[in-house]
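Me: I've got a protein open on my screen and I'd like to walk through it with you. Can we take it one question at a time?

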Amino acid sequence: MGTLDSYVLDYDSPCDVALQARLETIDTSLRARHGMTVEQTAVGVLDLNRLRLALLRPDRMEYAASVPKIGILLAYFQLHPGAATNLDAQTRHELGMMAKASNNEMATKFSQEIGLRQIQDVLNAQGFYDTNRGGGLWVGKHYGKGGERIADPVGGHSHGATARQVLRFFLLLEQGRLVSAEASKTMREIFLSPEIPNDDIKFVQALKERGVQIIRKWGSWEEWQHDAAVITGPARHYILVALTHHAKGDDYLEDLARAVDDVMAGGGQ
């Protein structure tokens, strides 16, 4: 087995047979419980301790609501290299409001400053969006505003994501390979932002009594309900991403987080 530092998540990454079977069983059971179809869930799990991957419909482009704000954060650090080690307190807080509290005003401040096409150029250049592979992270509209809209070529979404590319974002963050080691460290601190309360919904709601640390980006719009997180606790360190499109999406997300955490806390057996 390789190390976390050397692990690469791409379109050829093999899934772990046992973990894949567990995830498929969990998803099938939860979809039945909540009246959901395979068209309404996309999930990825990566066990960072044992480098085991499981994926369900990972390359299907989804309307992603606020999840692609992670792309604005990435582009900011890519285009402001000095920010990795010299970020002023106000900008750090505003980026935290965007990334942790999902504040639309702050997201739009930065997307307007950088430019939508420039943000997407960064995402494309780093392999986060590929028209030949189902899509990926897409930021085509300023949040909470009208005006400019650039639809993604695969799904026609203003804000889009695939489970695989969101999983890959958080993997690179944990590896210290998102822009640079220094930028990754600062971005991780921004996701933590202890002065900004976590939104007590979805994965955080499900796992709040379990003694785990969570850094995450959630998204909600009408019946699109998503969450993506790095979860760290006793005997476990893993990434969980789930994109749903159903009125019971939040219930699915909470049940999924508890079920997957049970697997991870038990060593994944």
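**Starting with A42**

Me: Which strand holds A42?
Reply: Keep in mind that this is a predicted model. Strand β1 covers residues 41–47, and that's where A42 sits. So by the DSSP runs used here, the place to look for A42 is strand β1.

Me: Is A42 buried or exposed?
Reply: Buried means under 20% relative accessible area. A42 comes out at 0% relative accessibility, so it counts as buried.

Me: What is A42 in contact with, leaving aside its neighbours within four places in sequence?
Reply: Some of the partners are L56, R57, R60 and E62. A163 is also one of the residues in contact with A42. The list is completed by V241, A242 and L243.

Me: What separates the C-alpha atoms of A42 and A54?
Reply: Along the chain, A42 and A54 are 12 residues apart. In space, their C-alpha atoms are separated by 11 Å.

**The chain as a whole**

Me: How many helices and strands does the secondary structure of the protein chain come to?
Reply: Take the two kinds in turn: the helices come to 9. Add the strands to the picture, and the protein chain has 9 helices and 10 strands.

Me: Why is the protein chain as compact as a globular protein of that length?
Reply: The globule rule gives 18 Å for 269 residues. The chain's own radius of gyration is close to that, so it is as compact as a globular protein of that length, with a value of 17 Å.

Me: What share of the residues in the protein chain is buried?
Reply: A residue counts as buried under 20% relative accessible area. Going by that, buried residues among the 269 make up 56%.

Me: Among contacts between residues at least 6 apart in sequence, what share joins residues at least 24 apart?
Reply: Contact here means heavy atoms within 4.5 Å. Among the protein chain's contacts between residues at least 6 apart, the share joining residues at least 24 apart is 66%.

**Empty space**

Me: How many cavities of 30 Å³ or more does a search of the whole structure find?
Reply: Rolling a probe the size of a water molecule over the atoms shows where empty space is left. For cavities of 30 Å³ or more, the search of the whole structure finds 1.

Me: Which element gives the most to the lining of the largest cavity?
Reply: The lining is made of L19, R22, L23, I26, V45, V260, V263 and M264. The elements that give two or more residues to it are α1 (17–34) and α9 (249–265). With 4 residues, the one that gives the most is α1.

Me: How many residues of the lining of the largest cavity are charged?
Reply: The lining has 7 nonpolar residues and no polar ones. That leaves the charged group, which comes to 1.

Me: What about the largest pocket: which strand gives the most to its lining?
Reply: The largest pocket holds about 220 Å³ of space, and 14 residues line it. Nearest its centre lie Y63, N104, Y143, G144 and W221. With 3 residues, the strand that gives the most is β8 (residues 213–221).

Me: How do the residues of the lining of the largest pocket divide?
Reply: Here, polar residues number 7. Put with the other groups, the division is 5 nonpolar, 7 polar and 2 charged.

**Two positive phi values**

Me: Where is S102, and is it buried or exposed?
Reply: S102 has its place in the loop between α3 (89–99) and α4 (104–114). Its contacts, leaving aside neighbours within four places in sequence, are S66, K69, M97, K217 and W218. At 10% relative accessibility, S102 counts as buried.

Me: What is phi of S102 near?
Reply: Most residues other than glycine have a negative phi. S102 isn't a glycine, yet its phi is positive, near 60°.

Me: Is A235 buried or exposed?
Reply: A235 is in the loop between β9 (224–233) and β10 (236–245). A235 also has a positive phi, about 65°, although it is not a glycine. Exposed means over 50% relative accessible area. At 63% relative accessibility, A235 counts as exposed.

Definitions and conventions
Residues numbered from 1 in each chain as written. Predicted model: local features only at pLDDT ≥ 70, side-chain atom pairs only at ≥ 80, totals over all residues. Heavy atoms only, no water. 1 Å grid on protein atoms, 1.4 Å probe; cavity = no way out; pocket = protein on both sides within 12 Å on 5 of 7 lines; lining within 4 Å. Points joined across faces, edges and corners; volume = space filled by probe spheres on them. Nonpolar A, V, L, I, M, F, W, Y, C, P; charged D, E, K, R; others polar. Rg over C-alpha atoms; globule rule 2.2 N^0.38 Å. Buried < 20%, exposed > 50% of the residue type's maximum accessible area, 1.4 Å probe, protein only.
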